[in-house]
Amino acid sequence: MKWTPQMVVITGTVAYVIVSVFVVLGAVDPMNTFVYEWLQPLPDRVFAYVTELGSAQVIVGLSILGLLFWYWRGDRIEAWRLALVGIGTLLITQMLKLVYGIDRPLIDASLDATTYSFPSGHASGSLALYGLTAYVLYRKKQSRVFIFILLCLVLAVSLSRVILNVHYFSDVLGGWLVALTMIALSEWIIRRRTV
């Protein structure tokens, strides 16, 4: 079976709803504890710097730079898609945080951790920006090394939130599903407009 953007949008939305139900019911606590304990040996001092690559300021700034880069390359569709998906995902994530109102494991203003916990804005923003860039480069048959680095960056930024104890792993999953759905939605819209 070949996955289409429509299928990913539907699957991502359904998966997000399921994860959010489990989060609200508190059924994710064993998973969150397991992942947190598994990641604890990693050096949190290093990840305090890594996590900044997923901050709203960096995501917005790099989204605008990406818009300018793709415009310079003559690809208006990818230029606007990167900016809209990157910034749009952050806005949707912030609205969802207000809907759920779930507290964080630790509030820390120095780590950009003062809003509600679910879903993670760093996880959604990093996947929306770096993940979408990796996907576009993959479609354009660009450097596999750079694509791999971008995907590692998504993973590092996302997991840094758990390592620093400012998010639960379920928040990261929720953030990834929000971004994945946004990326798939953008692909669906682009394919419909270019057919």
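Here a visitor asks how labels in this structure are earned, and a guide answers.

Visitor: What kind of model is this?
Guide: This is a predicted model; local features need pLDDT of at least 70, side-chain atom pairs count only at pLDDT 80 or more, and totals for chains, interfaces and linings use all residues. Residues are numbered from 1 along each chain as its sequence is written, and side-chain values use heavy atoms, leaving out hydrogens and water.

Visitor: Why is Ser 160 called buried?
Guide: Buried means under 20% relative accessible area, exposed over 50%, partly exposed in between (1.4 Å probe, protein chains only). Ser 160 has 0%, so Ser 160 is buried.

Visitor: Why is Lys 140 called partly exposed?
Guide: Its relative accessible area is 35%, so Lys 140 is partly exposed.

Visitor: What makes Lys 140 and Asp 75 a salt bridge?
Guide: The term needs a side-chain nitrogen of Lys or Arg within 4 Å of a carboxyl oxygen of Asp or Glu. Here the N to O distance is 2.9 Å. The pair links distant parts of the chain, 65 residues apart. Asp 75, at 17%, counts as buried.

Visitor: How do you know that the span of helix α6 agrees with what is expected?
Guide: Helices are DSSP runs (H or I, at least four residues), numbered from the N terminus. The expected span is 1.5 Å times one less than the number of residues. For the 19 residues of α6 that gives 27 Å; the end C-alpha atoms are 26 Å apart, which agrees.

Visitor: What makes α6 mostly covered?
Guide: In α6, 16 of its 19 residues are buried.

Notes: Helices (H or I, at least four residues) and strands (E, at least two) are DSSP runs, numbered from the N terminus.
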